[in-house]
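Here are my notes for you to read beside the structure. Take the points in order and find each residue as you go.

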Amino acid sequence: MPRRGRVELRRIEDRVSRQVRFSKRRAGLFKKAFELSLLCDAEVALIVFSPAGKLYEYASASIEDTYDRYQQFAGAAGDENGDRNGNDPKISNKDEASDLQSTLREIVTWCLQSNPDESDANELEKLENLLKNALRDTRSKKLLAKQNSGEGTSGQGCNVVAIKQEQGTA
């Protein structure tokens, strides 16, 4: 049986073909995540949003626990790079809110006092770090808000069942 040719990586223009390809690739991705966790005893969490905004997720353990572990790791890596640690789960929500507000104030102050066209690389890098931290904190708060309101969670093992059904093993 001859091998298939290499797929050209570009956007599929036909909407129906694009949806079919998305569904097949998503299933393959979730199957690989399941296999990786099973064969290698790895902790895997996978989140995919469809073009229509539908959430698909897989986690070998609790997705929340895996995300918390990721946040701690990302925070520790940020500390090594001289960034502040906005991901410490021990910080209260009130502290996080004031920290985010403080960061946003710093951004506004920088924008009012500096001209990006006349700024040197160090000043622009400082602004970039402020923006990255604010975005990270905002995304974390958004995820927590969704989790607390019950949105965006579809059961941690639901996609494994769907994959097994597609394979005919369920």
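**Notes on the salt bridges, the hairpin and the cores**

1. Glu128 and Lys132 form a salt bridge, with their closest N and O atoms 3.6 Å apart. Keep in mind as you read that this is a predicted model. Both residues belong to helix H4, which covers residues 121-149. They are 4 residues apart there, so about one helical turn separates them. Glu128 is partly exposed, because its relative accessible area of 40% falls between the limits of 20% and 50%.

2. How many salt bridges does the structure hold? The count is 4. Another one joins Glu13 to Arg11, and here the closest N and O atoms are 3.4 Å apart. Glu13 is exposed, at 59% relative accessible area. Arg11 is exposed as well, at 52%.

3. Now look at Arg69 and Glu43. They form a salt bridge whose closest N and O atoms are 2.4 Å apart. Arg69 sits in helix H2 (residues 63-80), while Glu43 sits in the loop between helix H1 (15-40) and strand E1. The two parts are 26 residues apart in sequence, so the pair ties them together. Are these partners buried or exposed? Arg69 is exposed, with a relative accessible area of 52%. Glu43 is partly exposed, at 35%.

4. Helix H1 allows a quick check on length. It has 26 residues, and at 1.5 Å a residue these should span 38 Å. The C-alpha atoms at its ends are 37 Å apart, which agrees. Which residues of H1 are buried? They are Phe22, Arg26, Ala27, Phe30, Ala33 and Ser37. Note that an arginine and a serine are on that list.

5. Asp41 follows H1. It is found in the loop between H1 and E1. Its phi is near 55 degrees, a positive value in a residue other than glycine. Asp41 is also exposed, because its relative accessibility of 73% is over 50%.

6. Next come the two strands. E1 covers residues 45-49, and 5 bridges join it to E2. The two strands run antiparallel. Together they form a hairpin, with 5 residues between them. Gly53 lies in the turn and has a positive phi of about 95 degrees. To follow the pairing, find Val48, which stands opposite Tyr56 in E2. Then find Phe49, which stands opposite Leu55 in E2.

7. What should you expect of the side chains along a strand? In a regular strand they alternate between the two faces of the sheet. E1 has a covered face, made of Leu46 and Val48. Its uncovered face holds Ala45, Ile47 and Phe49.

8. Strand E2 (residues 55-59) is mostly covered, with 5 of its 5 residues buried. Leu55, Glu57 and Ala59 point one way from E2. Tyr56 and Tyr58 point the other way. All of these residues are buried, so each has a relative accessible area under 20%.

9. Just past E2, look for Ala61 in the loop between E2 and H2. Ala61 is partly exposed, with a relative accessible area of 28%. Ala61 and Ala45 are 16 residues apart in sequence, yet their C-alpha atoms are 7.7 Å apart in space.

10. Which residues make up the largest nonpolar core? There are 8: Phe22, Phe30, Ala33, Val44, Leu46, Val48, Tyr56 and Tyr58. H1, E1 and E2 each supply at least two residues of this core. H1 gives the largest share, 3 residues. Another core lies apart from it and has 6 residues, among them Leu100, Ile107, Leu127 and Leu130.

11. Last, put some of these points together. Leu46 and Val48 form the covered face of E1, and both belong to the largest nonpolar core. Tyr56 and Tyr58 point one way from E2, and they belong to that core too. Val48 and Tyr56 also stand opposite each other in the paired strands. From H1, the buried residues Phe22, Phe30 and Ala33 are members of the core as well.

Notes:
Residues are numbered from 1 along each chain as its sequence is written. This is a predicted model: local features need pLDDT of at least 70, side-chain atom pairs count only at pLDDT 80 or more; totals for chains, interfaces and linings use all residues. Side-chain values use heavy atoms; hydrogens and water are left out. Buried means under 20% relative accessible area, exposed over 50%, partly exposed in between (1.4 Å probe, protein chains only). Two strands pair if DSSP finds at least two bridges between them. A salt bridge is a side-chain nitrogen of Lys or Arg within 4 Å of a carboxyl oxygen of Asp or Glu. The expected span of a helix is 1.5 Å times one less than its number of residues. A nonpolar core is a set of buried Ala, Val, Leu, Ile, Met, Phe, Trp, Tyr and Cys residues joined through side-chain atoms within 4.5 Å.
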